[in-house]
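These are my notebook entries on a structure that I had not examined before. I record what I looked up, beginning with the ligand.

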Amino acid sequence: MYTPVQLFSKYCITNNILEQIRCVSQLFFPQFSSDKYKVKRHDFSTVRTTDIDYFKSILGKDRILTDDQDVAPYNIDWIKNCRGNSQLVLKPSCTEEVSKILSYCNEKRLAVCPQGGNTGVVGGSVPVFDEIILNLSLMDKITSFDDLSGALVCEAGCILENLDKFAREHNMIMPLDLGAKGTCHIGGNVSTNAGGLRLLRYGNLHGSVLGIEAVKADGSVINCLKSLRKDNTGYHLKHLFIGSEGTLGVVTKVAIHCPVMPKAVTLGYFGVENFENILYLYSNAKSSLGEILSAFEMADCNSISHTVNNLKLQNPLAEYPFYVILETHGSDEIHDQEKLTRYLSTQMKNGLIVDGIVTAEPSKMQSIWTIRENIAAAGLVGTYLYAYDVSLPQKHYYEIIPKLRERLNSKVKMVCGFGHIGDGNIHINIIVPEFSEEVYSLIEPFIFEEVSKLNGSISAEHGVGFRKPQYLHYSKDPSALQLMRDIKQLMDPNGILNPYKVLP
Ligand SMILES: Cc1cc2nc3c(=O)[nH]c(=O)nc-3n(C[C@H](O)[C@H](O)[C@H](O)COP(=O)(O)OP(=O)(O)OC[C@H]3O[C@@H](n4cnc5c(N)ncnc54)[C@H](O)[C@@H]3O)c2cc1C
């Protein structure tokens with residue numbers, strides 16, 4: 001019998017930590033979501049042999065999974081929080097196939113769960129009951145790229161990291177970057193309105209997505225795939241699909257604006273004594289570094305020490321209560337490095353930074369990012385993770401962490417706070433040996449009530465998915481919720497697209 005950590009080393013045959021965690025996660029089967037969260041199945045049809053025969057007529061038998069073992073990994077989400085009981089995975093390779101599948105499912109009242117890279121952390125990407133999993137991974141072609149405007153057009157199943165590599169060959173980059181980049185799809189990114197590490201500099205997807213092609217629940221294809229920066233011709237329909245988490249349509253193609261690749265990238269990694277100092281550092285970074293500031297991230301001591309210890313990584317700094325990762329994207333390495341070094345020495349003189357390094361060496365920068373990007377993954381090795389992602393006004397950003405520590409006390413192993421402080425987005429990881437109803441009821445709805453009192457949002461960038469619809473009223477006015485329901489009714493009157501998700 002192996003311990004989780006032994007299993008981790010035994011099965012870790014790739015260098016991508018995220019893939020390693022996924023690989024080991026699949027050896028542990030979490031409880032079915034319907035039992036764990038006590039949900040009742042809606043009145044959808046169940047898949048029959050005649051349905052499978054129809055799907056075979058469209059996809060052939062190689063792009064249909066029905067065997068229990070083959071289907072199992074598609075039923076479990078990345079953080080092992082949710083598990084569905086689908087018996088069928090369909091893998092279309094073009095828009096026309098998606099259209100035929102949805103048209104059929106709509107007619108037969110078969111529920112569908114669209115799935116990209118399955119890195120979502122709110123349970124939106126896996127079924128709750130026996131919904132058909134529509135996995136987009138075979139739709140992974142780049143259709144066109146315009147060197148002058150930076151407009152990239154591709155299919156929804158392209159992996160974010162592959163798109164970034166492609167863009168870099170053309171001296172451009174993708175406008176978003178996140179820890180899951182080696183696995184998540186651009187279609188999943190768009191459907192969740194993913195934020196990530198550099199939103200501070202390059203903005204969110206409502207700004208950088210130029211166009212979308214999507215298939216509605218009835219199979220009709222909506223073509224809004226323009227590659228223009230400006231297009232004020234009526235309603236901006238593409239925005240309906242950005243962040244709607246597969247409940248309004250299946251995104252099949254995306255046109256996105258790629259910014260120019262920075263000539264110089266510099267990274268600072270600092271140890272800080274208290275949270276207040278982080279706020280001063282952020283404010284000073286905005287004024288001293290101005291237009292070259294591309295990321296400003298924070299993590300508390302629990303987040304960093306748990307990650308380096310659990311994943312056997314090297315922390316280049318000693319232990320401090322807080323850490324800051326600050327990145328610049330500019331056009332002159334010497335100038336940018338000078339600016340950052342001057343910033344560091346001033347902040348050290350002020351006593352805001354206790355210890356720190358500045359580097360432009362790619363391998364050193366990568367090893368610092370590796371720690372930051374794997375904080376979430378570290379919480380999964382041999383433990384159970386309650387993961388939250390909220391937005392708060394920056395001055396109240398960290399208040400929730402001591403409150404949770406006091407409330408949960410010895411009932412949990414650790415409460416970690418880290419995130420994109422430049423965007424007011426904190427991630428809260430609560431680590432326990434295994435799922436406990438008692439701990440769960442102490443966290444929810446408390447955490448959302450606290451966020452609401454401070455005028456925050458219950459979801460900053462991960463979405464609502466399956467895990468948060470019942471708490472949506474903490475962040476959305478009843479009038480806005482009603483409009484959401486009306487839009488859903490218009491786009492998907494039979495409710496077949498990702499049921500039990502987003503809408504309360
Ligand atoms: C280590 C790690 C780090 C992360 N860091 C960040 C971060 O910094 N910022 C951030 O925002 N998120 C982050 N995430 C969360 C996750 O990676 C993002 O939400 C990502 O955008 C999901 O993409 P995906 O392809 O994996 O989508 P999935 O997880 O497969 O699906 C997510 C949702 O989108 C829907 N969907 C997927 N594809 C389509 C499609 N083609 N059409 C319609 N609906 C679709 C699904 O039904 C589901 O509701 C992180 C996750 C991990 C594991």
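**Entry 1. The ligand.** I began with the polar contacts, that is, pairs of N or O atoms within 3.5 Å; within protein, one must be able to donate a hydrogen and the other to accept it, and residues adjacent in sequence count only if both atoms are side-chain atoms. A polar backbone atom of Pro114 is 2.6 Å from an oxygen atom of the ligand. I found a polar backbone atom of Gly117 at 2.8 Å from an oxygen atom of the ligand. Asn498 contributes a polar side-chain atom, 3.0 Å from a ligand oxygen. The ligand taken alone exposes 970 Å², of which the protein buries 96%; accessible areas come from the Shrake-Rupley method with a 1.4 Å probe, and for residues only the protein chains shown count as cover.

**Entry 2. Basis of the values.** I note that this is a predicted model, in which local features need pLDDT of at least 70 and side-chain atom pairs count only at pLDDT 80 or more, while totals for chains, interfaces and linings use all residues. Residues are numbered from 1 along each chain as its sequence is written, and side-chain values use heavy atoms, with hydrogens and water left out.

**Entry 3. The shell around the ligand.** I counted a residue as near the ligand if one of its heavy atoms lies within 4 Å of it. There are 35 residues around the ligand, and Pro114, Gly116, Thr119, Gly120 and His185 come nearest. By type, the shell divides into eleven nonpolar, 22 polar and two charged residues. In this division Ala, Val, Leu, Ile, Met, Phe, Trp, Tyr, Cys and Pro are nonpolar, Asp, Glu, Lys and Arg are charged, and the others, Gly among them, are polar. Which element supplies the largest share of the shell? Helix 8 does, with five residues. Strand 3, helix 8 (186-192) and strand 9 (250-257) each give at least two. Helices (H or I, at least four residues) and strands (E, at least two) are DSSP runs, numbered from the N terminus.

**Entry 4. Strand 3 and its sheet.** I traced an open sheet of four strands in the order 1-2-4-3, with mixed pairing. Strands 1 and 3 are at the edges with a single partner strand each, so one side of each has no neighbour in the sheet. Strands pair if DSSP finds at least two bridges between them. Strand 3 and strand 4 run parallel and are joined by four bridges. Cys113 has Ile133 as its bridge partner in strand 4, and Val112 stands opposite Ile132. From strand 3, Val112 and Pro114 point one way, Cys113 and Gln115 the other, and all are buried; buried means under 20% relative accessible area, exposed over 50%, and partly exposed in between (1.4 Å probe, protein chains only).

**Entry 5. Helix 5.** The buried residues of helix 5 (residues 68-75) are Val71, Ala72, Tyr74 and Asn75. I found that they pack against strand 1 (64-65), strand 2 (89-90), strand 3 (112-115) and strand 4 (132-135). At the N-terminal end, Asp67 caps the helix, with a side-chain oxygen 3.1 Å from the backbone nitrogen of Gln69.

**Entry 6. Ser303.** Is Ser303, in helix 13 (residues 301-310), buried or exposed? Ser303 counts as buried because its relative accessibility is 1%. A polar atom of its side chain lies 3.3 Å from the backbone oxygen of Gly417.

Terms used: Contact = heavy atoms within 4.5 Å.
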